[in-house]
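Q: Could you take me through one part of this structure up close? I'd like to look at the ligand and what sits around it.

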Amino acid sequence: MPATINVRPDGVGVLTMDSPPVNSLGTELVTSMKQEFPKLVQDPKVKAIVITGKGPMFCGGAEITEFAIMVAMGPEKMKENNPVAALSEMMDMIDASPKTTVAAINGPALGGGCEVSLACHYRVADGKASVGFPEVNLGLLPGAQGTQRLPRVAPLPTAMQMILQGKPLKADAARKNGIIDAVAKKDVIEEAAEWALSHPPAPISKREVHKTNRFMVAAGGLEQGLNTAVNAAPLMIAPRAIIKCFEAACSNKSFREGLQVEMEQFTNLVFSVESAALRHLFLSERLAQKVPGIDEKPAPLKKIGILGAGLMGFLGLKLSTAMCFIQKGVPVVLKDAKQEWLDAGVKKIESMWAGQAKKGRLSKEKFKEYMGPSPAMMDYADFKDVDMVIEAVPEIMDLKKEVAGKTRSYFQMDCLICTNTSGLNIDDIAAVLKDPSRVMGTHFFSPANVMQLLENIRTSKSSTRTLATGRTGINGRFPWDIPKKGATSNFHPYEVFGSTACEGMAMGKLINKKCIMVGNCDGFVGNRMAGIPEPKMVLEEGATVEQIDKAATTFGMAMGPMALGDLVGQELFWKQRKAAGDMNKQTKTYFGPYELTDWLCELGRFGMKTPDPSIKANGRGIFIHRGRDKTVDPEVVAKLDEVRKAKGVTPRPVSDEEIVERLFYPLINEGFKILEEGFVARSSDIDLAYIYGYGFPPSKGGPMFFAENYVGFQKILERLKVYDAQAKERYTKNSAYLPIDYFVPSKLLEACAAKQGTKVFPGQTLIDVVLKDFRKSHDGAGPFSKL
Ligand SMILES: C/C=C/C(=O)SCCNC(=O)CCNC(=O)[C@H](O)C(C)(C)COP(=O)(O)OP(=O)(O)OC[C@H]1O[C@@H](n2cnc3c(N)ncnc32)[C@H](O)[C@@H]1OP(=O)(O)O
């Protein structure tokens, strides 16, 4: 049974939630709790009741995979079989207990888990435990009485921070805010039992709201909270629904009336596409850790070596790759070609460390321990015992090969080599080694420990051990080490391809990255899609810089493509273009000619990183950056005019709708091509890349989810054909343009469009279901093409 009960000699009945890995409140656990709890109430030997969780978690909340099943049932059927209503009934049962109920919060109590604790009359928590309501991150709200119970114990600002922003509270802070009654000094169950025996029943449902809350609502507290939430995520609907529940809780409505408002709002949200997108994101992150064909145990990683300076190394970036490891307690050794680069690098790390120390994240002693007495060196002396080296020298093929060659003589025979590149062919780099199976790619995004995405790239020769280690455990034990009860494999409900689990992406996970595993193609996944030059084309045709960025940010992108170009710098693509020639081999996309970008790069105007004192700019590219303000550089406007004239282009008005279609539809088409070629296992990995690496709005679920759930495959196909015809006409009529084929629809997209509307298992995507069949009859060059 997922809920077990026992009666202690002191007469305290203990109900334990036991549903690994996180004791989520799925139908099975809730049904079993509803059966077991009354037994304790009715047992005359039981004087009081304690509820706790088995393992490190109290409870991770409602079972997220069941929401897709609810949605598939539809609102009518859901009335008869609503798992959240069942959860709410269980809360009533605990609340109404004639015997005192105490939650012994042994670990994180999240979402429905926190609601279980608030259904108890009292809460005693372990010092390391936390309480929180992360539902808003899933586009939901606490629908099992949380919005009505929390304002009865906590002041409104705390309640809003927890539910509107999804920020959890540690045990001490939760006690100070009235949410828990005591922090255990010894064993949490012992202290909860003592508390239960010495306090009378006191249901929260019978309490008035916290004494300050009505006043705060009258003083406009809710509007303020909503504004903060809306500013952080303007497109989201969940914050508005949450506010309605708070309004009900702090009004003259009874507890029951408040619950009705909560259930209405929750039901609207659970059926929203926004919540479907955010749930997809949560589950996709976990799914990405299961790479088909890799179930090898990782090699132990006790020490990491980092080679080279440059943008992605430990020099020149505010937060560096090295710092990612140091702050997580993995010792690092660094090397560079010049002493002054090293000195500057170490200084930079020390200043970053000072920032971390101020926030109390890393002590001086720990920092010293992880950095070692002399972490930076000019030679390879201290590299002989590193288990993994991350090579981050500048993106020059010959230099990368030279460095890889050196690892042969200085490093342990089985040291794993991760080459950090945003586009070079890693097979070519690996080829200089006798044993290329030791090599894989790691594409960190800049700035390395701010950006969340990490693309791990497998070459044609990377061994499963290399990939497993690049992806898995450093001295860690993770929830998925705990086998799920009754499960024969760690099968993920979203998985279409049937991969069994490997250990998770602990190297990336350890340094808080969202990892995906991709094949070795030009630009990998992210840059291959982002490299499509449509923003430049619509600009040339007549859209303005401001209009393009506005259309993108209104769509929900964190930043428009023009501003992003200035942030990242145009020079990387410019240099790649110069080195690789005119055409991207995979996308068959011509890199140029981009007269405007070339002109900017030749003038050394690489965007935000290039100040121009002559015009008092702290950065100059498409925009002139002064402090935090930016305006389009008039010289850019004049140059654009010149380019248009030279190419014989008469600018025309371009609608925002066309801009959005041309920014995203070819990019989505490229995603389909990456899937059909087998350079990524599944569509959700592309969604993760684009959300965590390129600022795609999470509430739209990533470009592939957006295609399937917001637009529909047929419309995308139809529009691509229109733009393809226009592009063909352009280059046949005007010799200034080269042929492009990124509008030519992918075969997989055509197959999906033909199946549009077909029902799939709740939570799975139609793209992956179609892809599975597609791969049986199509060959692709990528490592996942025969899944
Ligand atoms: C009306 C009520 C509504 C609600 O309650 S909505 C749900 C609210 N709760 C949450 O949003 C919590 C979501 N979970 C988390 O934030 C994290 O997870 C934890 C902090 C609980 C644990 O984090 P970590 O230790 O890093 O592990 P991991 O990889 O995130 O999760 C391990 C496995 O546990 C599954 N899991 C976690 N929470 C839930 C859940 N609430 N429902 C279903 N599964 C869950 C994951 O997917 C994964 O599974 P795999 O091993 O197969 O990849």
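A: Let's sort out classes before anything else: Ala, Val, Leu, Ile, Met, Phe, Trp, Tyr, Cys and Pro count as nonpolar, Asp, Glu, Lys and Arg as charged, and the others, Gly among them, as polar. With that, the shell around the ligand has 13 nonpolar, 6 polar and 7 charged residues. Keep in mind that this is a predicted model, where local features need pLDDT of at least 70, side-chain atom pairs count only at pLDDT 80 or more, and totals for chains, interfaces and linings use all residues. Residues are numbered from 1 along each chain as its sequence is written, and side-chain values use heavy atoms, with hydrogens and water left out.

Being "around" the ligand takes a heavy atom within 4 Å of it. Of the 26 residues there, Gly 60, Ala 62, Ile 64, Gly 112 and Arg 286 come nearest.

Now for the polar contacts (here, pairs of N or O atoms within 3.5 Å). A polar backbone atom of Gly 60 sits 3.0 Å from a ligand nitrogen, and a polar backbone atom of Ile 64 is also 3.0 Å from a nitrogen atom of the ligand. Arg 286 uses its side chain: a polar atom there lies 2.7 Å from a ligand oxygen. Taken alone, the ligand exposes 970 Å², and the protein buries 87% of that (areas by the Shrake-Rupley method with a 1.4 Å probe).

Two elements, α4 (112-119) and α13 (273-287), each give two or more residues to the shell; helices are DSSP runs (H or I, at least four residues), numbered from the N terminus. Domain 1 (3-271) and domain 2 (295-521) each supply at least three shell residues, with bounds from an automatic or database domain assignment.

Conventions:
Polar contact = N/O pair within 3.5 Å; in protein donor to acceptor, adjacent residues only side chain to side chain.
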